[in-house]
Amino acid sequence: MSYSYLLDLYRILDERLARMNDELSPDDSFSDKQVYLQGRLDCLTEFKSYLEENYHQKLPRRIQKTYKP
């Protein structure tokens, strides 16, 4: 995998996680939409942590220093 793809994945995941956090409202914690969004947020968070744990160390060192997960 090219490191540019990994950096793009990080950027996309960060954008989607930020959007999900904005959409979640603490008012309707039991609505179907909130449960769906929370599940999606959990899945994206797990995927991002998987990438960081398994692939971040394969980036060139200069890029590892500039992007800190």
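These are my notebook entries on a predicted model of one protein chain.

**Ground rules.** I number residues from 1 along each chain as its sequence is written, and I work with heavy atoms for side-chain values, leaving out hydrogens and water. Since the model is predicted, I accept local features at pLDDT of at least 70 and side-chain atom pairs at pLDDT 80 or more, while totals for chains, interfaces and linings use all residues.

**Fold.** I looked up the secondary structure and found three helices and zero strands. Helices here are DSSP runs of H or I with at least four residues, strands are runs of E with at least two, and both are numbered from the N terminus. The order from the N terminus is α-α-α.

**Dimensions.** I noted a radius of gyration of 15 Å, against near 11 Å for a compact globule of 69 residues. The radius is taken over C-alpha atoms, and the globule rule is 2.2 Å times the number of residues to the power 0.38. The C-alpha trace spans about 45 × 15 × 15 Å along its principal axes.

**Contacts.** I took a contact to mean heavy atoms within 4.5 Å. Of the contacts between residues at least 6 apart in sequence, 59% join residues at least 24 apart.

**Surface and burial.** I recorded an accessible surface of about 5,400 Å², with 52% belonging to carbon and sulfur atoms. Areas come from the Shrake-Rupley method with a 1.4 Å probe, and for residues only the protein chains shown count as cover. Buried residues (under 20% relative accessible area; exposed is over 50%, partly exposed in between) make up 25% of the 69 residues.

**Charge.** I listed 11 positive and 12 negative side chains, the centres of the two sets lying 13 Å apart. Lys and Arg count as positive, Asp and Glu as negative, and His and the chain ends are not counted. Each charge is placed at NZ of Lys, CZ of Arg, CG of Asp or CD of Glu.

**Aromatic pair.** I found one aromatic pair in the structure. Tyr50 and Tyr55 meet edge-to-face, at 6.2 Å centre to centre and 70° between the planes. Rings of Phe, Tyr and Trp (its six-membered ring) pair if their centres lie within 6.5 Å; planes under 30 degrees apart are stacked, over 60 edge-to-face, the rest tilted. Tyr50 is partly exposed because its relative accessibility is 41%, and Tyr55 is partly exposed at 27%.

**Single residues.** I located Tyr5 in helix α1 (residues 3–23); its relative accessible area of 54% makes Tyr5 exposed. Asp42 is in helix α2 (residues 32–54) and is partly exposed at 37%. The C-alpha atoms of Asp42 and Pro60 are separated by 29 Å.

Methods. Buried means under 20% relative accessible area, exposed over 50%, partly exposed in between (1.4 Å probe, protein chains only).
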